[in-house]
Amino acid sequence: MSDSITFQTCDACGHIQYFARAFCAACGANDPLTRTASGVGVVYATSLVHRAATPETRAEVPYMIVLVDAAEGFRMMAHGDKSLTIGDRVVATARDFAGHRVPYFQRTSS
Ligand SMILES: [Zn+2]
């Protein structure tokens, strides 16, 4: 369950947001609905990280950070395969990264 990606939708204005908040970032309405995403999306941008941001991530470099446009309409930053390129269709799994469970995208043909 903790491996699934969640997002929020606002009943009042229809805004979709990835970062969970107690209110809608667009209109301020309280209690946006939390939903579980399919994990399917398209790569919007990629960045191969060669320099560790923290001591904990030093053992992981180089690693790929991707911006993914989720099928549900929000954009999220996550880890992914080093071979990913812009426009690739991807699906999310989860991986351990520097001691944390993080979303991890891999290319899909479907
Ligand atoms: Zn709203």
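In the hairpin that links β7 and β8, 2 residues sit between the strands, and A98 takes a positive phi near 50°. That comes from a predicted model, so read the angle as a computed value. The two strands, β7 (residues 89–97) and β8, run antiparallel and are joined by 8 bridges. They are part of a closed barrel of 5 strands, and the protein as a whole has 0 helices and 8 strands.

**Overall layout**

- Going along the sequence, you get the pattern β-β-β-β-β-β-β-β.
- The C-alpha trace spans about 45 × 35 × 25 Å along its principal axes.
- Of the 110 residues, 17% count as buried.
- Take the contacts with a separation of 6 or more: 45% of them are between residues 24 or more positions apart.
- The protein is split into domain 1, covering 1–36, and domain 2, covering 38–107.

**The barrel**

- The strand order here is β4-β5-β6-β8-β7, and the pairing is mixed.
- On average, neighbouring strands of this sheet are turned by 45° against each other, direction ignored.
- Strand β4 (residues 40–49) pairs with β5 in the antiparallel sense, over 8 bridges.
- Two of the partners across that pair: T46 has V66 in β5 as its bridge partner, and V43 has V68 in β5.
- Next along, β5 and β6 run antiparallel and are joined by 6 bridges, with V66 opposite A78 in β6.
- So V66 turns up twice, as the bridge partner of T46 and opposite A78.
- The hairpin of β5 and β6 has 4 residues between the strands, and G73 takes a positive phi near 110° there.
- The parallel step is β6 (residues 75–80) with β8 (residues 100–107), joined by 2 bridges.
- In that pairing, F105 in β8 is the bridge partner of G80.
- Back at the β7 and β8 pair, D96 stands opposite R101 in β8.

**The nonpolar core**

- Which residues make up the largest nonpolar core? There are 10 in all: I5, V43, V66, V68, A70, A78, V90, A92, Y104 and F105.
- The elements giving two or more residues to this core are β5 (63–70), β7 and β8.
- The largest share, 3 residues, comes from β5.
- As general background, nonpolar side chains in soluble globular proteins tend to be buried together.
- A78 is a handy residue to click on: leaving out residues up to four places away in sequence, A78 touches V66, V68, V102, P103, Y104 and F105.

**The three-stranded sheet**

- There is also an open sheet of 3 strands, in the order β2-β1-β3, with antiparallel pairing.
- Its edge strands are β2 (16–17) and β3 (33–36), each of which pairs on one side only.
- Strand β1 (residues 6–9) runs antiparallel to β3, and 4 bridges join them.
- One contact point across that pair is F7, whose bridge partner in β3 is R35.

**A12 and its surroundings**

- A12 lies in the loop between β1 and β2.
- Why does A12 count as partly exposed? Because A12 has 13 C-beta neighbours inside 10 Å, and the partly exposed class sits between 12 or fewer (exposed) and 20 or more (buried).
- Setting aside neighbours within four places in sequence, A12 is in contact with C24, C27 and A29.
- A12 and A26 are 14 residues apart along the chain, and their C-alpha atoms are separated by 9.9 Å.

**Where the domains meet**

- How far apart do the C-alpha centres of domain 1 and domain 2 lie? They lie 21 Å apart.
- Across the boundary, 7 residues of domain 1 are in contact with 10 residues of domain 2.
- On the domain 1 side, the touching residues divide into 4 nonpolar, 2 polar and 1 charged.

Key: Residues numbered from 1 in each chain as written. Predicted model: local features only at pLDDT ≥ 70, side-chain atom pairs only at ≥ 80, totals over all residues. Pairing = 2+ DSSP bridges. Contact = placed C-beta atoms within 7 Å. Domains from an automatic or database assignment. Nonpolar A, V, L, I, M, F, W, Y, C, P; charged D, E, K, R; others polar. Core = buried A, V, L, I, M, F, W, Y, C linked by C-beta atoms within 7 Å. Axes fitted to C-alpha atoms, helices over the stretch in contact; angles between N-to-C directions.
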